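Me: Please take a close look at the salt bridges in this model, and set out which side chains pair and how buried or exposed they are.

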Amino acid sequence: MGGFFKSTIELLPDPLRERMVKGLVGIARRDGTGITPRKKYIRKLLRYLPPRDMRVVLENVYGFRMELSPYSTIEKDVMVDSVFELRNSELIRSALFEKPEGAVFLDLGANVGYFSLLAAGVLAPRKGRVVAIEPVPPSLERLRRNVSLNEDLKGIITVKGVAVSDSRKTLTLSMPVSTRGFATFSAAHRGGESISFDVPADTLDGCIDGETAGKVAFIKMDIEGAETLAIKGMECVLENGPDVLLSLHPLELAELGGTVSAILGYFSNKGYTLYAIEGGGLKPFKESSVITYTDVFMRRDGGC
């Protein structure tokens, strides 16, 4: 699809382009969550078809609504597949169903709120709560908007616009223009055009009151390499041994002076067993498998 196609599309009125996008998304979703030739083609079309500032409100397979942009990698997945990271989504849901009434889910690096809303759907009938932490201003604005779209869930989600770090301070985040939705404190993504934001930071223990910390049952942690900073300020939150789903970013981690071994060792020393999420279940995690972005699930015997 070259310049002629793109130029032709840009001549179409925005309302027509939006209707075309919604039609294509509907077609893609008929193929389920797997990769199909038709979905690949629709993803290519979505690079050019939507107006740049377009947002589409859609309900997904789990029943909550989100305002989505086809120019964000994460949001395009939710648009086309009706789900993001299916294995992680199902892991979080199944783990939360096992937790006691009143459990708290922490979403560190909540982005625009997919996993926060996913968890809220499970915890709402069980008197649980969600704390969604997101420091990037554009993502934070979208997160709040997505929470507000779900009247039955917004009362149990608390949104905090702060970065999780080792102390209270101000930090500078960089977000590449080409991959909206990903931001980091490191220079690992700064090869192309990027946008920088000065954001408030605090320890996780400083963000969460004592009563809430004692009820934390699951932590989803996707903070683009800032784990080295975050683990220095989360002792209270980890005291009861909540489950942890950690997204490892080795390049960004190294840029900030950390290592995969140090992060995994920290949790191992606290009694956690590490698992890889493969197929339909969990398998022993091998550190040697961490070359690029990798998810690891951690659970402590006797944890909450």
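Reply: What follows goes through the salt bridges pair by pair.

The model is a predicted one, and a search of the whole structure finds 19 salt bridges in it. One of them joins Lys39 to Asp81, with the closest N and O atoms 2.5 Å apart. Because Lys39 belongs to helix α3 (residues 37-45) and Asp81 to helix α4 (residues 73-81), this pair ties together parts that are 42 residues apart in sequence. With buried taken as under 20% relative accessible area, Lys39 counts as buried at 2% relative accessibility, and Asp81 is likewise buried, its relative accessible area being 15%. The pairing is also part of a wider arrangement, since a network of salt bridges links Lys39, Arg43, Asp77 and Asp81.

A further salt bridge is formed by the side chains of Glu67 and Arg142, at 3.5 Å from N to O. Here Glu67 lies in strand β2 (residues 65-68) whereas Arg142 lies in helix α7 (residues 137-148), so the pair ties together parts that are 75 residues apart in sequence. Glu67 and Arg142 are both buried.

The side chains of Lys169 and Asp166 also meet in a salt bridge, with an N to O distance of 2.7 Å. In this case Lys169 counts as partly exposed, at 31% relative accessibility, and Asp166 is partly exposed as well, with a relative accessible area of 26%. As general background to such contacts, side chains of opposite charge can pair when their charged atoms come close.

How values were computed
Residues are numbered from 1 along each chain as its sequence is written. This is a predicted model: local features need pLDDT of at least 70, side-chain atom pairs count only at pLDDT 80 or more; totals for chains, interfaces and linings use all residues. Side-chain values use heavy atoms; hydrogens and water are left out. A salt bridge is a side-chain nitrogen of Lys or Arg within 4 Å of a carboxyl oxygen of Asp or Glu. Helices (H or I, at least four residues) and strands (E, at least two) are DSSP runs, numbered from the N terminus. Buried means under 20% relative accessible area, exposed over 50%, partly exposed in between (1.4 Å probe, protein chains only).
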